[in-house]
Amino acid sequence: MKRSLVSIFAFSLVEVTLALGIAAFCLIAVFGLMPVGVQTNRNATSQTAGANIIAAVVSDLRATPKTSATSSQFAITFGTAKTLYFDNAGQFTTSLGTNSRYQLNITWNSSAPTGSRYADLKITWPAAATSANASGSVETFAAFDRN
């Protein structure tokens, strides 16, 4: 007895079920990794934004003329600790608001040599959290020549 060509090249029900089971297992594994990927992306985005904010503040401080004690863009006075709050768009305020996403704390080292200023800049998020409870942070140390 001859078999038809259709039955020779067809998949059996067992093969189809096995292929669907393997595909389902792989999809479940991929979907299980999605929350980890989303969280990693969110952390990377926040760290990049924090580093960009710190770079903008340091640039503003370095661009401040030596004859002026206060920076022009962020109104930071050399030698005086200050806290600034930033939203997702990079706009800053001096008080915590509903749109505040990042908190930047600037502290100055008082034991710097004459003419030099050292600042510790630390940005944390979310803005309302304390440094100990923050979900992330970026910190840098900057030196400014004021001679």
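This section describes the strand arrangement of a predicted model, followed by the setting of one strand residue and two backbone features in loops.

The sheet is open and consists of five strands, ordered β2-β1-β3-β4-β5, with antiparallel pairing. Its edges are formed by β2 and β5 (136–145), each of which pairs on one side only. Helix α2, spanning residues 13–63, packs on this sheet and touches β1, β3, β4 and β5. The direction of α2 makes an angle of about 15° with that of β5. In general, the strands of a sheet pair through backbone hydrogen bonds, in either a parallel or an antiparallel manner.

The individual pairings can be followed from the β2 edge. Strand β1 (residues 82–86) pairs with β2 (residues 92–93) in the antiparallel sense, over two bridges. In this pairing, Phe86 has Phe92 of β2 as its bridge partner. The hairpin of β1 and β2 has five residues between the strands, and Gly90 adopts a positive phi near 90° there. Strand β1 is also joined to β3 by five bridges, the two strands running antiparallel; here Lys82 stands opposite Ile106 of β3. Seven bridges connect β3 with β4 (residues 116–125), again in an antiparallel arrangement. Within this pairing, Leu104 is bridged to Ile123 of β4.

Gln103 was examined within this framework. The residue lies in strand β3, which covers residues 102–109. Gln103 has a relative accessible area of 11% and is therefore classed as buried, the limit for that class being under 20%. Its side chain forms a polar contact of 3.3 Å with the side chain of Tyr85. Beyond neighbours within four places in sequence, the contacts of Gln103 include Thr83, Leu84 and Tyr85, as well as Lys122, Ile123 and Thr124. Ala127 and Ala129 are also among the residues in contact with Gln103.

Two loops carry further backbone features. Most residues other than glycine have a negative phi, and most peptide bonds are trans. The peptide bond from Trp125 to Pro126, however, is cis, with omega near -5°. Pro126 is located in the loop between β4 and β5. Ala75, which is not a glycine, has a positive phi of about 55°. This alanine, Ala75, belongs to the loop between α2 and β1. With a relative accessible area of 38%, Ala75 is partly exposed.

Note on methods: Residues are numbered from 1 along each chain as its sequence is written. This is a predicted model: local features need pLDDT of at least 70, side-chain atom pairs count only at pLDDT 80 or more; totals for chains, interfaces and linings use all residues. Side-chain values use heavy atoms; hydrogens and water are left out. Helices (H or I, at least four residues) and strands (E, at least two) are DSSP runs, numbered from the N terminus. Buried means under 20% relative accessible area, exposed over 50%, partly exposed in between (1.4 Å probe, protein chains only). A polar contact is a pair of N or O atoms within 3.5 Å; within protein, one must be able to donate a hydrogen and the other to accept it, and residues adjacent in sequence count only if both atoms are side-chain atoms. Contact means heavy atoms within 4.5 Å. Two strands pair if DSSP finds at least two bridges between them. Axes are lines fitted to C-alpha atoms, for helices over the stretch in contact, and angles run from 0 to 180 degrees between N-to-C directions.
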